[in-house]
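Let's go through this model as a set of quick questions and answers. Have a look at it first.

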Amino acid sequence: MVQRARRAVVFTGAGISTECGIPDFRSPGGFWTRYKPIDYSEFLASEDTRIEAWRRFLMIRETIGKAEPGPSHRAVAQLAERGHVATVITQNIDGLHQASGIPAQRIIEIHGNGTYAKCLTCGLRHEIGWVKDTIEATGRPPRCTACGGIVKSATISFGQAMPEQEMADARAATLNADLFIAIGSSLQVFPAAGFPVLAKQNRTPMVILNREETGLDGLADLVIHADSGPVLCAVMDRIRAA
Ligand code: NAD
């Protein structure tokens, strides 16, 4: 299926990055079983909550900041380079698809990016190092240096609106796909999990590669319950040998 594809979409979740040392969302020991996510409205509502949100973010960032692309990221990058995969839609915020060498314009981050921060009012980018220094120096959450607005990591929180352009781009890529491959996602987080559903409605062949059952296994043409790294390396071996 992969070999025939010329416009495949690879849709990734936290599971593709566990082999890089970043815990996923729902598995025991994952970030969110330890830290309940802070809702967007709570983040906006008080300085105390913002300080707590930043404290958790900076702790998670310690792990994410040190991670490097794993075998699965590298396999997807090779599939893109060989012209099988056109677009990667990712729920991840770790920037590892970019780090694996896939051009940024072929990656759609529907839950944002955790490697920098943004002003919620004027959109100005702020670096995480500056946020950390500001909190350490003042004990207060950072404010935008340009407009005084609230600064937040450039990720999409629970309760925060999905990014319009990225959602439109992901929809267009899904409708244009000749194969849809979901890797390392429990396919439980909507609206993100709506993309595999859309692909199927569009009669696009769909593959799900995930360690455990997902909410959408029944829709897929092929389901592989396994770790993504070894499976994708085997796929690459077959493609190279062909
Ligand atoms: P999820 O945690 O809900 O699901 C991850 C799935 O990956 C699980 O079903 C798990 O069994 C599977 N998995 C774990 N390791 C695997 C491996 N090596 N090979 C194959 N499958 C594996 O994650 P989700 O569906 O992406 O939703 C989580 C949300 O949390 C997303 O919105 C994402 O933004 C965020 N998140 C991101 C990161 C990251 O950027 N790396 C990490 C944690 C959470």
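**Loops, ligand and core**

Pro-191 has its place in the loop between β7 and α8 (194–201); helices (H or I, at least four residues) and strands (E, at least two) are DSSP runs numbered from the N terminus. Keep in mind that this is a predicted model, where local features need pLDDT of at least 70, side-chain atom pairs count only at pLDDT 80 or more, and totals for chains, interfaces and linings use all residues. Residues are numbered from 1 along each chain as its sequence is written, and side-chain values use heavy atoms, with hydrogens and water left out.

Q: Is the peptide bond from Phe-190 to Pro-191 cis or trans?
A: Most peptide bonds are trans. Here omega is near 10 degrees, so going from Phe-190 to Pro-191 the bond is cis.

Q: Leu-187 has a positive phi near 55 degrees; is Leu-187 buried or exposed?
A: Leu-187 sits in the loop between β7 and α8. Buried means under 20% relative accessible area, exposed over 50%, and partly exposed in between (1.4 Å probe, protein chains only). Leu-187 comes out at 2%, so the label is buried.

Q: And Arg-203, with phi near 60 degrees: buried or exposed?
A: Arg-203 is found in the loop between α8 and β8. Its relative accessibility is 76%, so Arg-203 counts as exposed.

Q: Which side chain has an N or O atom 2.5 Å from an oxygen atom of the ligand?
A: A polar contact is a pair of N or O atoms within 3.5 Å. For the side chain of Ser-186, the distance to a ligand oxygen is 2.6 Å. The 2.5 Å pair belongs to His-111.

Q: How much of the ligand does the protein bury?
A: A backbone N or O atom of Gly-15 lies 3.5 Å from a ligand nitrogen. Taken alone, the ligand exposes 860 Å² (Shrake-Rupley, 1.4 Å probe). Of that area, the protein buries 96%.

Q: Which element gives the most to the largest nonpolar core?
A: A nonpolar core is a set of buried Ala, Val, Leu, Ile, Met, Phe, Trp, Tyr and Cys residues joined through side-chain atoms within 4.5 Å. The largest one has 23 residues, and Val-10, Val-76 and Val-85 are among those with the most contacts inside it. Elements giving two or more residues include β1 (8–12), α4 (71–81) and β2 (85–90). With five residues, the top contributor is α4.

Note on methods
Polar contact = N/O pair within 3.5 Å; in protein donor to acceptor, adjacent residues only side chain to side chain.
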